[in-house]
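Visitor: I should like a close look at a single part of this model, with its surroundings described in one connected account. Please state the criteria behind each term as it arises.

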Amino acid sequence: MIVVIAATSLSSENCNMNARTMDKIEFVYRIARFSFLVALGVLALSALLATPTPVKTDARSNPNAVATDTTSLKPPAKAQIPVAFLISDGAVVIDFCGPWEVFQDVMIPGSEEMPFRLYTVAETKKPIRTSGGMQIVPDYTIQNAPPPKVIVIPAQSAPSPAVLEWIRKSSETTYITMSVCTGAFVLAKTGLLNGKSATTYHGAFERFAMQFPDVQLKRGARFVENGNLATAGGLSSGIDLALRVVERYYGREVARKTAYNMEYQGEGWMNPHSNQIYATSPVSTPEHPLCTVCGMDVDPKVAPKSVFKGATYYFCSEDDKKTFDAAPDKFVTAIAPRSAVSGSSN
C-alpha cells in the first residue's frame, strides 16, 4: 500500500508539474504569436506610409525631362491674392486673357469672395494695342502697381530696362512669376532663368535656344516650374499653367471644378509632358518648305527668302528674315537636326 500510495502521489505531482509546464509553454507561445502579429502590422503600416524616393532624371540622359514644383502654396487667411498681368503693345490676347479667366473663375467652398485680385500693369498708362487690335488701358504702371504675389507675362513687345527691373524686383516676393508663349523671352531677359529650365512657344524654340544659351530649353513641355518661376508653352498652354497655379493654392478638386465651370476640357494642367507633339521639330523639304525661324508652312512663291552658302531659306515674314540674316550660321546649326537643308538649293 505504501509503495502504491507513494507511486500515486508521485504521479499526481508529475501531472500537476506537467500541467503547469504546459500552461507556461502555452503562455509563451501566445506572447510570441501576438508579438509576431504586431511586428507584421508595424511592417505593413510602415510600407503604406513610406514615401518613395523620387527618381531624379539626369538632364543629359533626358534633356526634355520637365521640371515641376510640387510644393503647395498657402493662400492668405483672409486677403485676396494679387495677380499682376504685365502687358505692352502686341500682347497676345489668349496669353493673358486665358489665365485671367482661370483666376477669375475660381470659387472656394464656403467663401463668397473672389480669391484672386486681378489687375493689368504696364510701363505707362498709355492705351495698349494687343493682338487683333484690342485696346486696353492698364490699371497701374510699374511705378504704382500693388506688390503682386503672382505675375503673368504674355507674349508682347520687347521690354524696356525699367520693365525688366520691375520683374526682377517684384519676383523677390512673388509666389509665382509665370510667362506664357514667347513671354518667356521677356522673363529670360531678366536673367532670372539662367541656370534653370524653361519652355516657350514651339515656333520660337530655335530663337530661344540661340538667344539664351544659359537656359535649358524643354521642348515638348506644356509648362515648366522652377521654384517661384514657371514658363508655359504657346497660347492655350497658359490656361493650363494657370490651372496648375490654382491647384497648388487650393488643391486639385478646386482646379478641376474651375476647369469644369469654364467648360475647359484640356487636362494639360495635370500633365506637364502633354506637349510632346512639339518635342520634335517638323522637317522642311524643297517640296514642302517651312519658315527657317518659326517652322510654320510658307508659300515659296511669295515668301521672303535668303540665300546662304548656296541654299535658299524661306520665311513667314520680313521680321523672321531679318532675324535669320543677323545670324545665319547659328540658325543653320540649330535646324540641322530637323532637316538636311531647311530650304531648297538654287
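Guide: The sulfur of C291 has its closest cysteine sulfur in C294, at 3.7 Å, which is too far for a bond; a disulfide is a pair of cysteine sulfur atoms within 2.5 Å. C294 is likewise in no disulfide, the nearest cysteine sulfur being that of C316, 3.4 Å away. Over the whole structure the search finds zero disulfides. C291 counts as buried, at 0% relative accessibility, and C294 also counts as buried, at 14%. Here buried means under 20% relative accessible area, exposed over 50%, and partly exposed in between, for a 1.4 Å probe and protein chains only.

The model is predicted: local features need pLDDT of at least 70 and side-chain atom pairs count only at pLDDT 80 or more, whereas totals for chains, interfaces and linings use all residues. Residues are numbered from 1 along each chain as its sequence is written, and side-chain values use heavy atoms, with hydrogens and water left out.

The part for the close look is strand β7 and its neighbours. Seven strands form an open sheet of mixed pairing, in the order β5-β2-β1-β6-β7-β11-β10. Strands (E, at least two residues) and helices (H or I, at least four) are DSSP runs numbered from the N terminus, and two strands pair if DSSP finds at least two bridges between them. At the edges are β5 (140–141) and β10 (223–226), each of which pairs on one side only.

Strand β7 covers residues 176–179; I176 and M178 point one way, T177 and S179 point the other way, and all are buried. In a regular strand, side chains alternate between the two faces of the sheet. On one side, β7 runs parallel to β6 (residues 150–153), to which four bridges join it. I151 of β6 stands opposite T177 in β7. Between these two strands the chain passes through helix α3 (residues 161–170), and this β-α-β crossover is right-handed: with the strands pointing away from the viewer, the path from the first strand over the helix to the second runs clockwise. Strand β6 is also joined to β1 (residues 81–86), by three bridges in parallel orientation, and there F85 has V152 of β6 as its bridge partner.

Beyond β1, the chain enters a loop towards α2 (93–105), and G90 lies in that loop. G90 counts as partly exposed, at 37% relative accessibility. Its C-alpha atom is separated by 8.5 Å from that of G133, a residue 43 positions apart from G90 along the chain.

Strand β7 also runs parallel to β11 (residues 229–232), with three bridges between them. M178 has A230 as its bridge partner in β11, and S179 stands opposite T231. Within β11, L229 and T231 point one way and A230 and A232 the other, and all are buried. Strand β11 is further joined to β10 by four bridges, and these two run antiparallel. There, E225 stands opposite A230. The hairpin of β10 and β11 has two residues between the strands, and in it G227 takes a positive phi near 60°.

Positive phi values are found in non-glycine residues too. L235, in the loop between β11 and α6 (237–250), has phi near 50° and is a residue other than glycine. At 36% relative accessibility, L235 counts as partly exposed. E263, also a residue other than glycine, has phi near 55° and lies in the loop between α7 (252–261) and β12 (305–308). E263 is exposed, with a relative accessible area of 70%.

The largest pocket has a volume of about 330 Å³. Among the 16 residues lining this pocket, F185, K189, R207, Q211 and T323 are the closest to its centre. Helices α4 (183–189), α5 (205–211), α8 (318–326) and α9 (328–335) each supply at least two residues of the lining. A pocket is an open set of points on a 1 Å grid over the protein atoms alone, where a 1.4 Å probe fits, with protein on both sides within 12 Å along at least five of seven lines; lining residues have an atom within 4 Å of a point. Grid points are joined across faces, edges and corners, and the volume is the space filled by probe spheres set on them. The lining comprises eight nonpolar, five polar and three charged residues, where Ala, Val, Leu, Ile, Met, Phe, Trp, Tyr, Cys and Pro count as nonpolar, Asp, Glu, Lys and Arg as charged, and the others, Gly among them, as polar.
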